[in-house]
Amino acid sequence: MAAQDSAVVKPECLTAGGARIDPPIIKVEAVQNILDICRAMSLWPMTFGLACCAIEMMAVGMARFDISRFGAEVFRPSPRQSDLMIVAGTVTKKMAPAVVRLYEQMPAPKYVMALGNCAISGGPFRFKGQYGIVEGVDNLIPVDVYVPGCPPRPEGLLEGLFEIQKKMTGRRWWPNPVQGGGK
Ligand code: SF4
């Protein structure tokens, strides 16, 4: 009987100690892939703007650019309901603790977009002797995507969103405006 058992039990079902573990009924990797796609297509950005770049962020919510086509329509007023922080504008040293606090209040997995030159590096306010600006929000929190410009156009924000979706799922989902096609 023992010999029969050893014949049917595959090596990958055994731990190093020899105890038998049944293989998972659900393929976790496949489930994870589905969850990643679901999350990527329903990102909830935080309602959060710091300076002029936030005007461009507001524009993507309007009819012309319509970010809802790509699953990120629901801007949430609470970090606890958000999984995407778009840092749109100048990060002052006085504001820095609030930015970090908001990031820490977001549930994982969470993503950050640095929108505009100010959020990326301090932008036009970065000069010798300046004392009030954080020269790049990535000095405070991890950033997933950088969208340059002063300000970036709304299309740039949408490209940043596509990059985050690609980061989450491993592929680009929307046609490339330059090359055409969706790969
Ligand atoms: S990058 Fe330019 S447009 Fe954006 S917040 Fe800074 S100064 Fe304003």
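Start by selecting Lys110 and Tyr103: the charged end of Lys110 sits over the Tyr103 ring, 4.2 Å from its centre. "Over a ring" here means that NZ of Lys or CZ of Arg is within 6 Å of the ring centre and within 35 degrees of the ring normal. Now add Arg76 and Trp44, where Arg76 lies over the face of Trp44 at 5.1 Å from the ring centre.

A word on what you're looking at: this is a predicted model, in which local features need pLDDT of at least 70 and side-chain atom pairs count only at pLDDT 80 or more, while totals for chains, interfaces and linings use all residues. Residues are numbered from 1 along each chain as its sequence is written, and side-chain values use heavy atoms, with hydrogens and water left out.

**Zoom out**

Switch to cartoon and you'll get 6 helices and 3 strands. These are DSSP runs, numbered from the N terminus, with helices (H or I) of at least four residues and strands (E) of at least two. Trace the chain and the order reads α-α-α-β-α-β-α-β-α. Of the 183 residues, 36% count as buried, where buried means under 20% relative accessible area, exposed over 50%, and partly exposed in between (1.4 Å probe, protein chains only). Turn on contacts (heavy atoms within 4.5 Å) and look at those with a separation of 6 or more: residues 24 or more positions apart account for 71% of them.

**The ligand**

Select the ligand and the residues near it, meaning those with a heavy atom within 4 Å. You should pick up Ala51, Cys52, Cys53, Gly89, Thr90, Asn117, Cys118, Pro124, Phe125, Gly149, Cys150 and Pro151. Colour that shell by class and you'll find 8 nonpolar, 4 polar and no charged residues. The classes run like this: Ala, Val, Leu, Ile, Met, Phe, Trp, Tyr, Cys and Pro are nonpolar, Asp, Glu, Lys and Arg are charged, and the others, Gly among them, are polar.

**Backbone oddities**

Stay with Pro151 from that shell. The peptide bond leading into it from Cys150 is cis, with omega near -5°, and Pro151 is found in the loop between strand S3 (145-147) and helix H6 (154-169). Next, jump to Pro109, in the loop between helix H4 (96-105) and strand S2 (111-115). The Ala108 to Pro109 bond is cis too, with omega near 0°.

Then pick Asp66, in the loop between helix H3 (53-60) and strand S1 (84-88). Asp66 isn't a glycine, yet its phi is positive, about 50°. At 22% relative accessibility, Asp66 counts as partly exposed.

**Aromatic pairs**

Show the aromatic side chains. A search of the whole structure finds 3 pairs, using rings of Phe, Tyr and Trp (its six-membered ring) with centres within 6.5 Å; planes under 30 degrees apart count as stacked, over 60 as edge-to-face and the rest as tilted. One of the pairs is Phe70 with Phe162, edge-to-face at 4.9 Å centre to centre and 70° between the planes. Phe70 lies in the loop between H3 and S1 and Phe162 in helix H6, so this pair ties together parts that are 92 residues apart in sequence. Both Phe70 and Phe162 are buried.

Now add Trp174: its ring centre is 6.2 Å from that of Phe162 and the planes are at 40°, so the pair is tilted. Trp174 belongs to the segment after H6 and Phe162 to helix H6, so the pair ties together parts 12 residues apart in sequence. With all three selected, you have one aromatic cluster of Phe70, Phe162 and Trp174. Phe162 has a relative accessible area of 8%.

**Salt bridges**

Last stop: the structure holds 5 salt bridges, each a side-chain nitrogen of Lys or Arg within 4 Å of a carboxyl oxygen of Asp or Glu.

- Arg172 and Glu159 meet at 3.0 Å, N to O. This pair links distant parts of the chain, with Arg172 in the segment after H6 and Glu159 in helix H6, 13 residues apart. Arg172 is buried at 9% relative accessible area, while Glu159 is partly exposed at 27%.
- Asp36 and Arg39 have their closest N and O atoms 2.6 Å apart. They sit 3 residues apart in helix H2 (residues 28-40), so about one helical turn separates them. Asp36 is buried at 12% and Arg39 partly exposed at 23%.
- Arg126 and Glu135 come to 3.5 Å between their closest N and O atoms. Arg126 is partly exposed at 48%, and Glu135 is partly exposed at 30%.
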